[in-house]
Amino acid sequence: MERKKTLEHTSLLVLSLLKGQDLYGYQMITELERRSDHTFQMKEGTLYPVLKKLENGGHVTAYEAEVSGRTRKYYHITKKGLKQLAQETADWEEYAHGVNSVLGFITG
């Protein structure tokens with residue numbers, strides 16, 4: 001059976017990645033793949049529109065930094081982004097609880 005690999009909660013995932021440290025785009029892609037045990041393989045065409053939306057909403061800020069002679073655009077989660085992450089995490093936990101209840105993983 002093939003596992004579903006869509007990214008319906010991309011902002012939750014991206015904000016979660018940025019909670020620990022500032023990252024540039026390719027780092028986010030590889031870190032998401034690593035943390036998800038290769039379940040999620042986000043493409044640049046998915047990531048950058050999400051980052052733009054988060055930036056426009058004030059949830060992340062972007063800055064450029066030179067590393068090893070290369071200029072990279074890093075993203076930083078803001079206080080507003082942390083609040084959004086907390087809300088999306090709570091929403092996800094409620095959703096997951098409901099699904100687990102239907103599947104019989106939660107009793108009582």
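Accessible areas here come from the Shrake-Rupley method with a 1.4 Å probe. On that basis the protein exposes about 7,600 Å², and carbon and sulfur atoms supply 51% of this area. The model is predicted.

**The whole chain**

Begin with the entire protein, coloured by secondary structure. Four helices and three strands are present, and from the N terminus the elements follow the order α-β-α-α-β-β-α. Of the 108 residues, 29% count as buried. Among contacts in the protein with a separation of 6 or more, 47% are between residues 24 or more positions apart.

**The sheet**

Next, select residues 23-24, 60-67 and 70-77. These strands form an open sheet in the order E1-E3-E2, with antiparallel pairing. Strands E1 (23-24) and E2 (60-67) are the edges, each pairing on one side only. Helix H1, residues 10-20, packs on the sheet and touches E1, E2 and E3; the direction of H1 makes about 100° with that of E3.

Now examine the two pairings separately. E1 and E3 run antiparallel and are joined by two bridges; display Leu-23 to find its bridge partner in E3, Tyr-75. E2 and E3 also pair in the antiparallel sense, over eight bridges. Select Glu-66 here, and Thr-71 of E3 stands opposite. Follow the chain into the hairpin of E2 and E3, which has two residues between the strands; Ser-68 in this hairpin takes a positive phi near 50°.

**Helix H2 and its charged network**

Move to helix H2, residues 25-35, and display its buried residues: Gly-25, Met-28, Ile-29, Glu-31 and Leu-32. What covers them includes H1, E1, helix H3 (44-56) and E3. Just after H2 comes Asp-37, with a positive phi near 55°.

Keep Glu-31 selected and add Arg-34 and Arg-35. Which residues does one network of salt bridges join here? Glu-31 forms a salt bridge with Arg-34, the closest N and O atoms being 2.5 Å apart. The side chain of Glu-31 also meets that of Arg-35 in a salt bridge, at 2.8 Å from N to O. These salt bridges share partners and thereby join Glu-31, Arg-34 and Arg-35 into one network. The count of salt bridges comes to two.

Along H2, Arg-34 lies three residues from Glu-31, about one turn of the helix, and Arg-35 lies four residues from Glu-31, likewise about one turn. Colouring by accessibility separates the three residues. Glu-31 is buried because its relative accessible area is 16%; Arg-34 is exposed because its value is 55%; Arg-35, at 47%, counts as partly exposed.

**Helix H4 and the nonpolar patch**

Finally, select helix H4, residues 79-103. Lys-79 has its place in this helix. Is Lys-79 buried or exposed? At 72% relative accessibility, Lys-79 counts as exposed. Measure from its C-alpha atom to that of Val-60: the two residues are 19 apart in sequence and 8.7 Å apart in space.

Further along H4 is Val-99, which counts as partly exposed because its relative accessibility is 33%. Show the surface around Val-99 and add Trp-92, Tyr-95, Leu-103 and Phe-105: together these five residues make a nonpolar surface patch of about 550 Å².

Key
Residues are numbered from 1 along each chain as its sequence is written. This is a predicted model: local features need pLDDT of at least 70, side-chain atom pairs count only at pLDDT 80 or more; totals for chains, interfaces and linings use all residues. Side-chain values use heavy atoms; hydrogens and water are left out. Patches are made of residues with over 30% relative accessible area and no salt bridge: like charges are joined within 9 Å, nonpolar side chains (Val, Leu, Ile, Met, Phe, Trp, Tyr) within 5 Å. A salt bridge is a side-chain nitrogen of Lys or Arg within 4 Å of a carboxyl oxygen of Asp or Glu. Buried means under 20% relative accessible area, exposed over 50%, partly exposed in between (1.4 Å probe, protein chains only). Two strands pair if DSSP finds at least two bridges between them. Contact means heavy atoms within 4.5 Å. Axes are lines fitted to C-alpha atoms, for helices over the stretch in contact, and angles run from 0 to 180 degrees between N-to-C directions.
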